[in-house]
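User: I should like to learn how to read the features of a structural model, one at a time. Please give the general idea in each case and then turn to the example before us.

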Amino acid sequence: MAVDGNWNLTMTTPMGERQATLSLKAAGGSLTGTQGAEGNTAEIFDGTVSGDNVSWKVSITNPMPLTLEFTGTVSGDSINGEMGIGPMGSFPFTGART
């Protein structure tokens, strides 16, 4: 699938730009993998893929416990979309395949 592989993400957040790594694997309409930032790695969950459209969630504990909700579009070796941070709203993210 076009989404499979490793990605470097840049997320625009209320605390400035944050970097993360993402490893994705699509199977049918399901999306699995891991996302890591600042030395912490977590399994993604509720991942879906439909054509070039992807979505997933990841729970983080740093800088505070939150569930981040990502929705995006893959185009070749780039990915971009929105990251929902609960009550703080949604913020853009971009990424490039490594």
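User: What is the volume of the largest pocket?

Analyst: The largest pocket of this predicted model has a volume of about 420 Å³. A volume is best read together with the residues that line the pocket. Here the lining comprises 25 residues, and those nearest the centre are R18, I60, N62, P63 and L68.

User: Which elements give two or more residues to the lining of the largest pocket?

Analyst: Strands β1, β2, β3 (30-37), β4 (40-43), β6 and β7 each give two or more residues to that lining. The chemical character of the lining is the next point to consider. Its residues divide into 15 nonpolar, eight polar and two charged.

User: R18 was named among the residues nearest the centre of the pocket. With which side chain does the side chain of R18 make a polar contact?

Analyst: R18 lies in strand β2, and its side chain makes a polar contact with the side chain of E38 at 2.8 Å. Leaving aside neighbours within four places in sequence, R18 is in contact with L9, T10, M11, T13, E38 and P63. P63, like R18, is listed among the residues nearest the centre of the largest pocket.

User: Where is E38 placed, in a strand or in a loop?

Analyst: E38 is in the loop between β3 and β4. Its backbone also deserves attention: E38 has a positive phi of about 50°, although it is not a glycine. D46, also not a glycine, has a positive phi of about 55°. That residue lies in strand β5 (residues 45-50).

User: T13 appeared among the contacts of R18. Is T13 buried or exposed?

Analyst: The general idea is to compare the relative accessible area with a cut-off: under 20% a residue is called buried. T13 counts as buried because its relative accessibility is 16%. The residue is placed in strand β1.

User: Which backbone atoms does the side chain of T13 reach?

Analyst: The side chain of T13 reaches the backbone nitrogen of M15 at 3.0 Å and the backbone oxygen of G16 at 2.7 Å. Not counting residues up to four places away in sequence, T13 touches R18, M83 and F91.

User: I should now like to consider the nonpolar core. Which residues of the largest nonpolar core touch the most other members?

Analyst: In soluble globular proteins, nonpolar side chains tend to be buried together. In this model the largest nonpolar core has 23 residues, and L9, W56 and F70 touch the most other members. Strands β1 (5-13), β2 (16-27), β6 (53-60), β7 (66-75), β8 (78-84) and β9 (90-97) each supply at least two residues of this core.

User: Two residues of strand β9 interest me, G95 and P92. How should I read G95, as buried or exposed?

Analyst: G95 counts as buried, because its relative accessibility is 12%. Contacts distant in sequence show which parts of the chain meet. Leaving aside neighbours within four places in sequence, G95 is in contact with W7, N8, L9, D77, S78 and I79. One of these, L9, is a residue of the largest nonpolar core that touches the most other members. The C-alpha atoms of G95 and A20, 75 residues apart along the chain, are separated by 9.1 Å.

User: Which residues does P92 touch?

Analyst: Not counting residues up to four places away in sequence, P92 touches T10, M11, T12, G81 and E82. P92 is classed as partly exposed because its relative accessible area is 40%. Its C-alpha atom is separated by 10 Å from that of E17, 75 residues away along the chain.

User: How far apart in space are the C-alpha atoms of G28 and V49?

Analyst: Separation along the chain and separation in space must be read individually. G28 and V49 are 21 residues apart in sequence, and their C-alpha atoms are 7.8 Å apart. G28 lies in the loop between β2 and β3 and counts as exposed because its relative accessibility is 61%.

User: What separates the C-alpha atoms of A26 and T12?

Analyst: These C-alpha atoms are separated by 25 Å, with A26 and T12 being 14 residues apart along the chain. A26 is in strand β2 and is considered buried because its relative accessibility is 8%.

How values were computed:
Residues numbered from 1 in each chain as written. Predicted model: local features only at pLDDT ≥ 70, side-chain atom pairs only at ≥ 80, totals over all residues. Heavy atoms only, no water. Core = buried A, V, L, I, M, F, W, Y, C linked by side-chain atoms within 4.5 Å. Buried < 20%, exposed > 50% of the residue type's maximum accessible area, 1.4 Å probe, protein only. Helix = DSSP H or I, 4+ residues; strand = E, 2+ residues; numbered from the N terminus. Polar contact = N/O pair within 3.5 Å; in protein donor to acceptor, adjacent residues only side chain to side chain. Contact = heavy atoms within 4.5 Å. 1 Å grid on protein atoms, 1.4 Å probe; cavity = no way out; pocket = protein on both sides within 12 Å on 5 of 7 lines; lining within 4 Å. Points joined across faces, edges and corners; volume = space filled by probe spheres on them. Nonpolar A, V, L, I, M, F, W, Y, C, P; charged D, E, K, R; others polar.
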